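New notebook page. I want to get my bearings in this structure and jot down what I look up.

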Amino acid sequence: MTDAPDLRTYATFDGHGGKVSQRVEVLEDRDDDHEGLVAVVGSHPLGAVDERAVDDDASLTRGVASIGWVDPATLRDWYRPDRVVVPAIEARRSDLSPGTYADTRGRGRVRIDGQEAHLGPDGRPAFRALAGSGVVDVPLPKDQVVRLVTVRADVPTASGAVGTEIVTTPISPLLAPGEYPAYADDVPGLPPREPSGRVHVRAAVLLDGSLHPVERIDEPANTMWIRQGERSVPIAANEVGPDLVRYTAVPV
């Protein structure tokens, strides 16, 4: 069983006529004083209505977490996971087995070996995809993955009966910097083999003709943090095409 899914919603907010763009968390809280608007939390979302510091003792300055209300039409790059719980009998009819799956454009729904990402033979990020029999399939490039589907059994439904939970999450086709196991010994059609070692992966994104180091990727927020000069800048991960990221892998 996995931990409870992170179902928070994120989006990009363009304040000050589009001159200030940043990632914010969209709250579900409703306020009768701001009908038609949604509440967002971020590092000073400039241009939001009735903006207030999250901490009552904090001053309302750039970089300080604050909450404000905005027109949802001004938000883009939405990241919103979906969660449903279906009765156990419906799950059996649909042949929903517990596990982690990737919904892909080219190969349909494929069961994967957890969420571990690694460099595939072609140098791109990949999952270890498993065939129905449990043998290794060819690595599944992450740029083919549309959604990540996690199925859990024995989850209470709204009526209190036991059901099956399906959480569907859009994922980034990007590999975050860090250490990863290397599976160079995997052979298509044979059972999974133990990691052959570990590699340290660095990433840089090509923007406006210049490479910018990737500091980290916050997948729950669909946000990539890159280094621009002396600043750490957050951008929506789905705005960066996989072909714009360059990876360097060094054995550990």
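Which side chain does the side chain of His-34 make a polar contact with? I looked: the partner is the side chain of Asp-50, at 3.2 Å. I'm keeping in mind that this is a predicted model.

Next, where His-34 sits. I found His-34 in the loop between strand E2 (20-26) and strand E3 (38-43). Is His-34 buried or exposed? Its relative accessible area is 9%, and buried means under 20%, so I put His-34 down as buried. I also listed what His-34 touches, leaving out residues up to four places away in sequence: Val-49, Asp-50, Arg-52 and Trp-69. Asp-50 turns up in that list and is also the polar partner from my opening question.

Then I moved on to Pro-87. I located Pro-87 in strand E7, which covers residues 82-87. Pro-87 has 39% relative accessibility, and the band from 20% to 50% is called partly exposed, so that is my note for Pro-87. How far apart in space are Pro-87 and Thr-157? I got 7.0 Å from C-alpha to C-alpha, with their positions 70 residues apart in sequence.

Last, the whole chain. I noted one helix and 21 strands. Of the 252 residues, 40% are buried, and His-34 is one of the buried residues. For contacts between residues at least 6 apart in sequence, I wrote down that 51% join residues at least 24 apart. The chain exposes about 14000 Å², and carbon and sulfur atoms supply 50% of that.

Notes
Residues are numbered from 1 along each chain as its sequence is written. This is a predicted model: local features need pLDDT of at least 70, side-chain atom pairs count only at pLDDT 80 or more; totals for chains, interfaces and linings use all residues. Side-chain values use heavy atoms; hydrogens and water are left out. Helices (H or I, at least four residues) and strands (E, at least two) are DSSP runs, numbered from the N terminus. Buried means under 20% relative accessible area, exposed over 50%, partly exposed in between (1.4 Å probe, protein chains only). Contact means heavy atoms within 4.5 Å. Accessible areas come from the Shrake-Rupley method with a 1.4 Å probe; for residues, only the protein chains shown count as cover. A polar contact is a pair of N or O atoms within 3.5 Å; within protein, one must be able to donate a hydrogen and the other to accept it, and residues adjacent in sequence count only if both atoms are side-chain atoms.
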